[in-house]
Amino acid sequence: MRNVLHLNNLFIILLVLSLKLHAHEGGHYSQGEILKVWHFKNGQSISGNFLYATKNEIILEQKEGSLVKIPIVILAKNDLKLARFKIKKYAEIHQQYTQRNIINNQVPFFEMIDIRFFGYFLVTILILLWLSKRLKNQAYFQPLQRVALYSFCLGLFILACKSSSDITPAGTTIAITGGTTTTPSTSISKTSTSFIDSAFTPYKSANLAIKWDDTYFYVSSNGIPTHNMMVGITSWQQQVPIAQPYTGTNHWSIPLAPVYAASPVSTKTNFMKGAVALAVNGVPIFNALNNRGEDSFLIGELDQWGGHCGKGDDYHYHAAPLHLSATSGLKPIAFALDGFAVYGAKEPDGTIMKTLDESHGHVGSNTVYHYHGTADYPYVVGSMKGKVTLDPATTAPENQIIPQAFTNPLRPALTPLNGASITAFSAPTASSYLLTYKIGAKTGTVQYSWTNANLFAFVFTDVDGKQTNATYQRK
Ligand SMILES: [Zn+2]
Ligand SMILES: [Zn+2]
């Protein structure tokens with residue numbers, strides 16, 4: 001009988017071991033694993049472990065398995081030193097492997113087994129030893145006992161599998177457990193079009209119109225707000241506001257029936273392209289981080305209203321346009337592209353804003369989820385609470401939500417103008433703008449005007465008084 005038991009023992013060990021190896025797949029980080037925090041010069045930070053490097057960038061793998069690219073120049077002193085060391089080391093190792101032409105995609109054996117597995121494994125062996133001692137004087141090993149033993153071992157096997165499968169799959173966001181997070185109900189009633197319409201109403205004009213069908217609420221706009229722009233920018237790319245054709249089929253689309261996402265997609269590692277929300281004045285709201293992972297507000301790229309212009313001379317916000325509350329009152333100041341409303345600093349009933357979850361919102365008293373704009377990161381959306389469709393032509397972090405309206409660049413994108421601060425912006429006529437900037441004590445200007453036929457004429461006067469003219473025809 002001892003022999004039978006030994007055979008059983010061996011069989012179960014082999015079974016558990018082989019299936020355990022088979023069960024291991026998914027991302028590298030399990031919940032609770034400590035990630036390195038990388039500090040930026042501007043005081044911000046990001047968590048993630050070094051994965052690989054290019055010449056001037058490090059690529060970090062974050063908790064949710066997503067990758068983020070960090071230009072090392074933005075890192076604080078100590079982390080910059082570490083990043084340089086990692087880049088050097090990475091280059092050396094990479095070179096060695098290339099030279100030896102080693103192709104090995106196998107994960108080392110010991111990496112595939114975790115400590116919990118050994119725990120269950122040890123318990124199985126101890127119980128088997130105990131049973132074998134108990135049974136050694138019995139004439140035979142009863143079928144019932146055999147079934148009990150197998151069931152128990154199967155239970156341990158399932159535990160062993162579970163311990164390896166709770167590794168978070170790549171591309172999902174781990175919910176941060178907090179006492180204040182409300183689990184939303186899975187079905188949401190369709191947003192009333194009159195509710196969305198009322199939020200846009202104060203801003204309707206010749207340049208902002210709305211319509212809807214069964215699926216979407218559509219907003220046509222030229223993307224130019226009625227408030228002033230550009231003043232306050234201290235890190236300027238030389239782009240200026242030009243009306244955009246967010247009209248016809250290139251309008252903004254807000255889903256009327258939001259659906260909760262199984263795993264809200266984080267704005268920290270996604271949506272570096274395109275808008276994440278549309279403000280009720282028809283100006284798109286982009287991710288708070290720019291495509292270099294920097295908080296554009298903190299690095300001086302934004303004006304006093306939280307906006308600036310992109311490479312297509314398209315004006316957009318990166319911070320929350322909380323100033324719209326002066327016109328909007330308690331109504332939403334924006335709608336995220338997942339269909340949920342974005343409120344300002346107060347709840348819709350005028351009370352103080354309640355605690356926000358990791359998506360930067362919560363379920364309101366009407367049982368519907370909404371976001372809030374705040375003066376700090378992530379400003380508008382922390383992660384997309386509602387399901388969104390990702391543009392298959394883009395990859396994280398520079399991916400984007402579709403449908404979305406696109407800009408129509410008029411001229412080639414320019415480069416940053418070092419040391420320039422925008423001090424004034426005005427409209428001398430109904431079809432011209434004058435931007436004034438300073439570098440030190442010297443003043444430069446960009447004056448531009450346009451015709452009804454979309455012919456744009458620019459006069460650039462640099463800080464030394466040198467003038468350059470350019471004209472562009474918008475197609
Ligand atoms: Zn921008
Ligand atoms: Zn709220």
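Ser359 has 0% relative accessibility and therefore counts as buried, the limit for that class being under 20%. In this predicted model, the residue belongs to the loop that runs between β15 (341-343) and β16 (361-363). The side chain of Ser359 makes a polar contact of 2.7 Å with the side chain of Ser383. Beyond the neighbours within four places in sequence, the residues in contact with Ser359 are Pro264, Tyr369, Tyr371, Val380, Val381, Gly382, Ser383 and Lys385. Ser383 thus appears both as the polar partner and in the list of contacts.

**The zinc site**

The zinc ion (ligand 2) takes its protein donors from Glu347, His362, His370 and His372, at 2.0 to 2.5 Å. Glu347 is listed with two OE entries, while His362, His370 and His372 each donate through NE2. Along the chain, the spacing of these donors reads E-x14-H-x7-H-x1-H. His370 and His372 are both buried.

**Overall composition**

The protein has 475 residues, 44% of which count as buried. Its secondary structure comprises six helices and 25 strands. Of the contacts between residues at least 6 apart in sequence, 59% link residues at least 24 apart. The accessible surface amounts to about 24800 Å², and carbon and sulfur atoms contribute 59% of this area.

**Two open sheets**

Strands of a sheet pair through backbone hydrogen bonds, in either a parallel or an antiparallel manner. One open sheet consists of five strands in the order β21-β22-β23-β24-β25, paired antiparallel. Its edges are formed by β21 (420-429) and β25 (467-473); each has a single partner strand, so one side of each lacks a neighbour in the sheet. On average, and with direction ignored, neighbouring strands of this sheet are turned by 15 degrees against each other.

A second open sheet has three strands in the order β6-β7-β8, again with antiparallel pairing. Here β6 (208-212) and β8 (252-255) are the edge strands, each pairing on one side only. The average turn between neighbouring strands of this sheet, direction ignored, is 20 degrees.

One strand pair from each sheet is set out below, with the bridges that join the two strands.

| Strand pair | Direction | Bridges |
|---|---|---|
| β23 (residues 442-450) and β24 (residues 455-461) | antiparallel | six bridges |
| β6 and β7 (residues 216-221) | antiparallel | five bridges |

Individual bridge partners can be named for both pairs. Thr445 has Thr461 in β24 as its bridge partner, and Ala209 is matched with Ser220 in β7.

**Helix α5 and Phe200**

Helix α5 (residues 193-200) lies across β6, β7 and β8, and runs at about 20 degrees to β7. Phe200 is a residue of this helix. With a relative accessibility of 0%, Phe200 counts as buried, because the class covers values under 20%. Leaving aside the neighbours within four places in sequence, Phe200 is in contact with Leu208, Ile210, Phe217, Val219, Ile254, Leu278, Ala279, Val280 and Phe335. The C-alpha atom of Phe200 is separated by 8.8 Å from that of Ala334, a residue 134 positions away along the chain.

Terms used
Residues are numbered from 1 along each chain as its sequence is written. Chains are lettered from A and ligands numbered from 1 in the order in which they are written. This is a predicted model: local features need pLDDT of at least 70, side-chain atom pairs count only at pLDDT 80 or more; totals for chains, interfaces and linings use all residues. Side-chain values use heavy atoms; hydrogens and water are left out. Donors are N, O and S atoms within 2.8 Å of the metal (3.2 Å for Na, K and Ca); water is not among the atoms, so sites may look incomplete. Buried means under 20% relative accessible area, exposed over 50%, partly exposed in between (1.4 Å probe, protein chains only). Helices (H or I, at least four residues) and strands (E, at least two) are DSSP runs, numbered from the N terminus. Contact means heavy atoms within 4.5 Å. Accessible areas come from the Shrake-Rupley method with a 1.4 Å probe; for residues, only the protein chains shown count as cover. A polar contact is a pair of N or O atoms within 3.5 Å; within protein, one must be able to donate a hydrogen and the other to accept it, and residues adjacent in sequence count only if both atoms are side-chain atoms. Two strands pair if DSSP finds at least two bridges between them. Axes are lines fitted to C-alpha atoms, for helices over the stretch in contact, and angles run from 0 to 180 degrees between N-to-C directions.
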